[in-house]
Amino acid sequence: REITANSIRDIEPDQIDMDGLRDRLILEDSSIDELAESIRKHGQQVPIMVRPSDQHDRYRIVYGRRRLAAIRKIGGSVKAIVRTLDDDASLIAQGQENNLRLDPSFIEKSLFIKEMHEAGYKPSIIQDALGLTRQGVSNHRVVIEQLPEELVRMIGPAHGVGRRQWGELAALAKR
């Protein structure tokens, strides 16, 4: 059973439902096209992770949303690890895997923290999902709670812009 649980399966993309909280501001951008072209040339090198859905022959994505979007563009099946995970374990797997890949920006982490908090996840789960201390989570929450979400989404991920700059914008927004 353990070998089967860790094996990689080929699954049709239309059997996979988007699930969970969004941890990226932008999913459909030019990097998806680049990823799709890379997968077309070299194949899918890294599997996504899914969990069984309540519906027969359907799955819910845990991580690998960008890879799934790329494969949906080019067609074909997606290589996936299927794990039975509860919501907490799924969220931790999603956060940890995404932090190891393309590091989310400060504001993307902040929005993800806000969504996790609003969804009722325990502080310890939020910390584990992003590999942050209690103070680190607090630093993100202080900023995101002062900014209108519409403004954040208009600005976008702003990779390379850290807590200080977002904090300054939050102070201006508060005034």
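These are my notebook entries on one serine and on the salt bridges of a predicted model.

**Ground rules.** I worked with a predicted model, in which local features need pLDDT of at least 70 and side-chain atom pairs count only at pLDDT 80 or more, while totals for chains, interfaces and linings use all residues. Residues are numbered from 1 along each chain as its sequence is written, and side-chain values use heavy atoms, with hydrogens and water left out.

**Entry 1, S105.** I looked up where S105 sits and found it in the loop between α4 (87-100) and α5 (106-118). I took helices (H or I, at least four residues) and strands (E, at least two) as DSSP runs, numbered from the N terminus. S105 counts as buried because its relative accessibility is 5%. My classes were buried for under 20% relative accessible area, exposed for over 50%, and partly exposed in between (1.4 Å probe, protein chains only). Leaving out residues up to four places away in sequence, I noted that S105 touches P157, A158 and H159; contact means heavy atoms within 4.5 Å.

**Entry 2, salt bridges.** I then asked how many salt bridges the structure holds. The count is 11, a salt bridge being a side-chain nitrogen of Lys or Arg within 4 Å of a carboxyl oxygen of Asp or Glu. I looked up three of the pairs.

**Entry 3, D17 and R58.** D17 forms a salt bridge with R58, and their closest N and O atoms are 2.5 Å apart. This pair links distant parts of the chain, 41 residues apart: D17 is in strand β2 (residues 16-17), R58 in the loop between β3 (48-52) and β4 (59-63). D17 is partly exposed at 27% relative accessibility, and R58 is partly exposed at 22%.

**Entry 4, K114 and E149.** I recorded a salt bridge between the side chains of K114 and E149, at 3.6 Å from N to O. K114 lies in helix α5 and E149 in helix α8 (residues 149-155), so the pair ties together parts that are 35 residues apart in sequence. K114 counts as buried, with 19% relative accessibility, whereas E149 is partly exposed at 33%.

**Entry 5, R164 and E168.** The side chains of R164 and E168 meet in a salt bridge of 3.0 Å, N to O. Both residues lie in helix α9 (residues 163-174), 4 residues apart, about one turn of the helix. R164 is exposed, with 55% relative accessible area, and E168 is partly exposed, with 44%.

**Entry 6, network.** Last, I noted that salt bridges sharing partners join K114, E115, E149 and R153 into one network.
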